[in-house]
Structure formats: C-alpha cells, structure tokens
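Please open the model in a viewer and keep the sequence panel at hand. The stops below proceed from the overall division of the chain to individual side chains.

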Amino acid sequence: MKHFLNTQDWSRAELDALLDEAAAFKASKFGQQMAGKSIALVFFNPSLRTRTSFEIGARQLGGHAVVLAPGKDAWPIEFELGTVMDGEAEEHIAEVARVLSRYVDLIGVRAFPKFVDWSVDRQDRVLMGFAKYATVPVINLETITHPCQELAHALALRERFGKDLRGRKYVLTWTYHPKALNTAVANSALTIATRLGMDVTLLCPNQQYLLDERYMDWARQNVAESGGSLTVSHDIDAAYRDADVVYAKSWGALPFFGNWEAEKPLRDQYKHFIVDERKMALTRDGGKGLFSHCLPLRRNVKATDGVMDSPNCIAIDEAENRLHVQKAVMARLLRG
Ligand code: CP
C-alpha cells in the first residue's frame, strides 16, 4: 500500500503525473474520484490552508472529510510501544489508526515536532505510527517535512516557467522570526528544488542553521541524479544575484534544539535576512525573480509589504495550488 509521507518515496515520473493531474483539476475542479469515499484529517497543530483545502478538495471530488484534533475533540493518543498508559493519553495509536481505517479510505496527519529533542522529533513518530498501523493510505499534512506544500510550490513554478525547471537558479533563504520554527518546509523546499534539477542555493546565517543531514543528503543525491547543483551560502547579495526564484522560510538552529532561549540572541542578529525590495532587485532581469512562501507569513518580519504585494510574488498561487495537488494525491492513492 502506498502512502504519501515524503516526495522522496515517489519516483520523478510519479511526481510529474501528480502535477499533471493537479493542473487538470485546476482547469476543471469537480469530479467523482472520491464518490462514496472519506478522509480523516488528524490535526495535532493549527492550520488554515491545509484543513480548508483538504476539506473542500474532498468535497469537490464527491467525498467527505472528518477533522479530528486529538486532545481537544478526540482522545489524546499514546505513540510509544510497551508503555504503561497512566498519563494523559486515553488510547494507543495501534487502536486509533486501525479503527479509523475501518471508517475512512484515507488518513491525513499533521504533527509538528515537540521542539524539545531533535533526535526524537526527527523520527517522525506520530506520522510513522499512523503509517505503521493504518490499513489505508496515510498523507503527511506537515510533520518534519511538508510534501503537499512541495507539490503546490512545484506547480506554481511550472505555471510560470514551464515544466522543465532544470538550470533555474533557486534560492532557499532563511528569514528571521521571533520564535524558533519547524524546519519542515525548508527540508521540503530543498528536497523538491533539487529533485526538479534546479541550481539550488541554501542561504542561511551560518553553519548552525544548516538543515538536518538526512535532507542535506537527499538534496545531494537529488542533484547527482537530476543534474542540478547545491550550494550553501551565507552571502545574501551573492545568493540573490540573478536568482529565478527566492523561497523564504524561518527555522530554528538545530544545534540549539530544545534550548531556544540560548538560540534567541543568535537569531536576533539576523533580522536583516528579511526579503525586501533591495534584495529582490538583485534577481534575474533587474528584479524579475519570483518570490514565494508557504504561508502563514509575518509581513515586514520575513518579507516586506512591497515584496508580498509585487506581481512577482506567487505565494497566493502556491496556496491555491494546495487544493489542486491534494486532490491529485487523494485521487491517486484511492486508485491504489
Ligand atoms: N502552508 C500551510 O500548511 O498552511 P497552514 O499551516 O495554514 O495549513
């Protein structure tokens, strides 16, 4: 049984087929691919785009979505094996995933890191627990990667540049945020941009903001296969110069994981990583490079009003594309 946990588990041909199907859904939004089918959307964290686009998407394909928030409107869940469950959790993932599988045809899971111990969070235990015990396909709605966002981003780039993105200069830039955030979207952007054969620059303040070796390895493996390239830079102007795409995300420095008070004075030194008009003017053709972000975004902290309101900002297109790519993923998984 195929899950959608990471794009890296799917072949390039399969990803291209998903993007083609998503483009078809964008052109013609209603179908019966989920007629009589349902999806459980299990949210351990808040969402605007993911929840809305999955619920609407299932409906547009003739299906039904049930949203659950364990610990709020559903019982708290235990994920450890062999635990004496005398704490908060009322039931075990072994029962939760198998029971839901008797009711629904797909399960989506959003579970951010706990932000205490990266060696634990990087195991992605919640998502993997659902994948282990569910007897229906599981979709990652963002855990330590965000593969649905990757597809939406890729579709938005294809819409501007065509299907062949090889050779495009792609900058994934770290930006400041007052809180240490998840690395999921950064891991995902690095993964999909290298998979699509782009010349990728990871721009971050210093070596402490590099991403986990698993994703750096995926990126190296991808460029070896796709013919793209991977560069790590701490030089803002050099990274932006002639870029076709600037993608922004903030994340916490992994060496400080769980010790965020100690990271904060370091992070506070790099507020100038904000995406602004001066930096975007360095991009291709005198400032015609595209800008995007997964959203939500704090204006004038991560990117200025001018950048967000520019015709070269494709963040809203990318957000819309969540709907189309997720319909493609659901339809594909239901076909088996
Ligand atoms: N980009 C994204 O996943 O948005 P939400 O957190 O609002 O779902």
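**Stop 1: the two domains.** Begin by colouring the chain in two parts: domain 1 comprises residues 7–145 together with 322–335, and domain 2 comprises residues 148–318. Please bear in mind that this is a predicted model. If the C-alpha centre of each domain is marked, the two centres are found 25 Å apart. To the contact between them, domain 1 contributes 33 residues and domain 2 contributes 36 residues.

**Stop 2: the area between the domains.** Display the surface of each domain in turn. About 2900 Å² is buried between domain 1 and domain 2, and carbon and sulfur atoms account for 55% of this area. Which residues of domain 1 lose the most area to domain 2? Select Q8, F115 and W118; together these three supply 25% of what the domain 1 side buries.

**Stop 3: polar links across the contact.** Four salt bridges are counted between domain 1 and domain 2. Separately, show the side chains of R122 and D212, which form a salt bridge with an N to O distance of 2.8 Å. Between the two domains, 16 residue pairs are in polar contact.

Next, highlight the elements that give two or more residues to the side of domain 1 touching domain 2: α1 (12–27), α2 (49–60), α4 (118–121), β6 (138–140) and α14 (315–335). Of these, α1 gives the most, with nine residues. Colouring this side of domain 1 by residue class shows 16 nonpolar, seven polar and 10 charged residues.

**Stop 4: S226.** Move to helix α8, residues 213–226, and select S226 within that helix. Is S226 buried or exposed? Its relative accessible area is 18%, so S226 counts as buried, the limit being under 20%. The side chain of S226 reaches the backbone nitrogen of G228 at 3.3 Å. Now display R166, T194, R195 and G197: these are the residues in contact with S226 once its neighbours within four places in sequence are set aside.

**Stop 5: helix α5.** Finally, select residues 125–133, which make up helix α5, and show V126, L127, G129, F130, A131 and Y133, which are buried. What covers the buried residues of this helix? Add the following elements to the view, which are included in that cover: the strands β1 (38–43), β3 (77–78), β5 (106–110) and β6, and the helix α3 (93–103). Strand β6 has already appeared on this tour, among the elements on the side of domain 1 that touches domain 2.

Methods: Residues numbered from 1 in each chain as written. Predicted model: local features only at pLDDT ≥ 70, side-chain atom pairs only at ≥ 80, totals over all residues. Heavy atoms only, no water. Domains from an automatic or database assignment. Contact = heavy atoms within 4.5 Å. Buried area = accessible area lost by both parts, 1.4 Å probe. Polar contact = N/O pair within 3.5 Å; in protein donor to acceptor, adjacent residues only side chain to side chain. Helix = DSSP H or I, 4+ residues; strand = E, 2+ residues; numbered from the N terminus. Nonpolar A, V, L, I, M, F, W, Y, C, P; charged D, E, K, R; others polar. Buried < 20%, exposed > 50% of the residue type's maximum accessible area, 1.4 Å probe, protein only.
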